[in-house]
Amino acid sequence: MILAFCNQKGGVGKSTTVFHLARAAVTRGARVLVVDADPQGNITSVLTDGIEAGDAGLADALSAHSELHLPDVLLPGIWEGLTVAPTAGGALSGVRDELTTSTAPGRESRLKAELAKVAAEFDLVLIDCGPALDQLTINAMTAADGVVIVTQTKLWSVNGLAQLLTTINGVRQWYNPQLEVAGLIVNQHERHTLAGLHWATELNDAADAAELPMLAPKLPKRQAIADASESSRGLDEGDNAERELHQIYVGYLDQLAERMNR
Ligand SMILES: Nc1ncnc2c1ncn2[C@@H]1O[C@H](COP(=O)(O)OP(=O)(O)O)[C@@H](O)[C@H]1O
Ligand SMILES: [Mg+2]
């Protein structure tokens with residue numbers, strides 16, 4: 001199962017969610033590949049022992065100017081069962097620009113073609129997208145079986161969702177007819193505040209109207225979620241409260257798998 005985590009807004013929790021879902025999956029014995037499709041390379045820095053600007057990465061696998069392919073650039077992740085297609089330095093923004101101006105056919109399908117070379121080695125592929133609806137995100141959606149929309153009650157906007165759905169529909173129409181919205185994850189939900197409740201209602205209504213499957217429960221705003229991913233720790237390695245949060249991500253894996261296997 002290949003999932004792309006998308007929202008053109010930054011700071012909603014895409015990378016954090018990919019981090020904890022990858023952890024949830026490896027603790028269950030799955031072979032997981034995380035693809036860092038964000039030029040900022042945040043997920044690479046927390047899921048690998050580090051790469052330097054100039055080291056081979058996803059950019060090299062996608063660029064027409066490089067001889068390297070995806071199998072050449074994969075790195076072991078910080079946990080058993082985890083592999084990362086890394087991003088560091090400015091290389092991936094260079095490739096985004098290359099794809100944007102490319103007139104060669106097939107620019108949307110570069111990542112799909114590269115993933116096909118390694119997909120059989122993994123049970124789950126998670127693509128962490130950057131905060132844009134650009135050629136990198138379109139490549140991720142073209143390669144994916146499903147899109148997971150990560151949003152935040154506070155930062156959510158009707159217009160933003162409409163733009164995202166337009167891009168998903170465009171990719172489905174032209175490049176990837178099988179593409180589905182695998183789920184909507186509401187992150188940093190503050191259910192004890194009036195504003196939180198207000199936005200949750202708006203979001204629920206919008207999800208119903210667009211027939212988006214909302215994963216349950218909503219993810220609360222918790223310092224432990226941020227601390228664990230920023231220090232490369234699994235929530236399952238923490239105290240009871242943290243282990244409960246870990247179980248939310250485990251539940252998400254089940255809900256996503258169920259949705260995609262229908
Ligand atoms: N559920 C959460 N509770 C508290 N902080 C969170 C939560 N999810 C994400 N964060 C924090 O919010 C910030 C933005 O998250 P990030 O995953 O980097 O967003 P994105 O990848 O969408 O840009 C980070 O500092 C992260 O640690
Ligand atoms: Mg991110």
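**Note on the predicted model: Arg110, its surroundings and the ligand site**

1. The side chain of Arg110 comes to 2.8 Å from the backbone oxygen of Leu62. The model is a predicted one. Arg110 belongs to helix H6. Its relative accessible area is 17%, and the limit for a buried residue is under 20%, so Arg110 counts as buried. Beyond its neighbours within four places in sequence, Arg110 is in contact with Leu62, Ser63, Ala64, Glu98, Leu99, Ser102 and Asn139.

2. Two of those partners, Glu98 and Leu99, are among the buried residues of helix H5, which covers residues 91–101. Leu92, Ser93 and Val95 of H5 are buried too. What do the buried residues of H5 pack against? They pack against strand E2 (32–37) and three helices: H3 (58–62), H6 (110–116) and H7 (135–143). As a general point, an α-helix has 3.6 residues a turn, so residues three or four places apart point the same way.

3. Helix H7 is mostly covered, with 9 of its 9 residues buried. These are Gln135, Leu136, Thr137, Ile138, Asn139, Ala140, Met141, Thr142 and Ala143. Asn139 also appears in the contact list of Arg110. At the start of H7, the backbone nitrogen of Leu136 has a side-chain oxygen of Asp134 within 3.2 Å.

4. Thr137 can serve as an example from helix H7. Is Thr137 buried or exposed? Its relative accessible area is 3%, which means that Thr137 is buried. Setting aside neighbours within four places in sequence, Thr137 is in contact with Cys6, Cys129, Gly130 and Ala132.

5. The next point is the ligand. The space that ligand 1 takes is the largest pocket. How many residues surround ligand 1? There are 15, and the closest are Gly11, Lys14, Thr16, Asn187 and Glu230. Helix H1 (14–27) and helix H10 (223–230) each supply at least two residues of this shell.

6. Three side chains have polar atoms facing ligand 1 at short listed distances. For Thr16, a polar side-chain atom lies 2.6 Å from an oxygen atom of ligand 1. For Lys14, the distance from a polar side-chain atom to an oxygen atom of ligand 1 is 2.9 Å. In the case of Gln188, an N or O atom of the side chain is 3.2 Å from a nitrogen atom of ligand 1. Taken alone, ligand 1 exposes 560 Å², and the protein buries 80% of that.

7. Gln188 deserves a second look for its backbone. Its phi is positive, about 55°, although Gln188 is not a glycine. The residue lies in the loop between strand E7 (180–187) and helix H9. With a relative accessible area of 25%, Gln188 is partly exposed. Ser232 likewise has a positive phi of about 55° without being a glycine. Ser232 is placed in the loop between H10 and helix H11 (240–261), and its relative accessible area of 25% makes it partly exposed.

8. A further backbone feature is the cis peptide bond that joins Ala216 and Pro217, with omega at about -10°. Pro217 lies in the loop between helix H9 (194–209) and H10. For context, most residues other than glycine have a negative phi, and most peptide bonds are trans.

9. Gly41 is found in the loop between E2 and helix H2 (42–47). Why does Gly41 count as buried? Its relative accessibility is 5%, and buried means under 20%. Gly41 and Gly89 are 48 residues apart in sequence, but their C-alpha atoms are 7.8 Å apart in space. Apart from neighbours within four places in sequence, Gly41 is in contact with Asp36 and Thr87.

10. Leu75 is found in strand E3, residues 75–76. Its relative accessibility of 28% means that Leu75 counts as partly exposed. Leaving out neighbours within four places in sequence, its contacts are Thr48, Ile51, Thr83, Val84 and Pro86. Gly160 is 85 residues from Leu75 along the chain, and 34 Å separates their C-alpha atoms.

Technical notes. Residues are numbered from 1 along each chain as its sequence is written. Chains are lettered from A and ligands numbered from 1 in the order in which they are written. This is a predicted model: local features need pLDDT of at least 70, side-chain atom pairs count only at pLDDT 80 or more; totals for chains, interfaces and linings use all residues. Side-chain values use heavy atoms; hydrogens and water are left out. Buried means under 20% relative accessible area, exposed over 50%, partly exposed in between (1.4 Å probe, protein chains only). Helices (H or I, at least four residues) and strands (E, at least two) are DSSP runs, numbered from the N terminus. Contact means heavy atoms within 4.5 Å. A residue is near a molecule or strand if one of its heavy atoms lies within 4 Å of it. A polar contact is a pair of N or O atoms within 3.5 Å; within protein, one must be able to donate a hydrogen and the other to accept it, and residues adjacent in sequence count only if both atoms are side-chain atoms. Accessible areas come from the Shrake-Rupley method with a 1.4 Å probe; for residues, only the protein chains shown count as cover. On a 1 Å grid over the protein atoms alone, a cavity is a set of points where a 1.4 Å probe fits but cannot get out, and a pocket is an open set with protein on both sides within 12 Å along at least five of seven lines; lining residues have an atom within 4 Å of a point. A molecule sits in a cavity or pocket if more than half of its atoms lie within 2 Å of its grid points.
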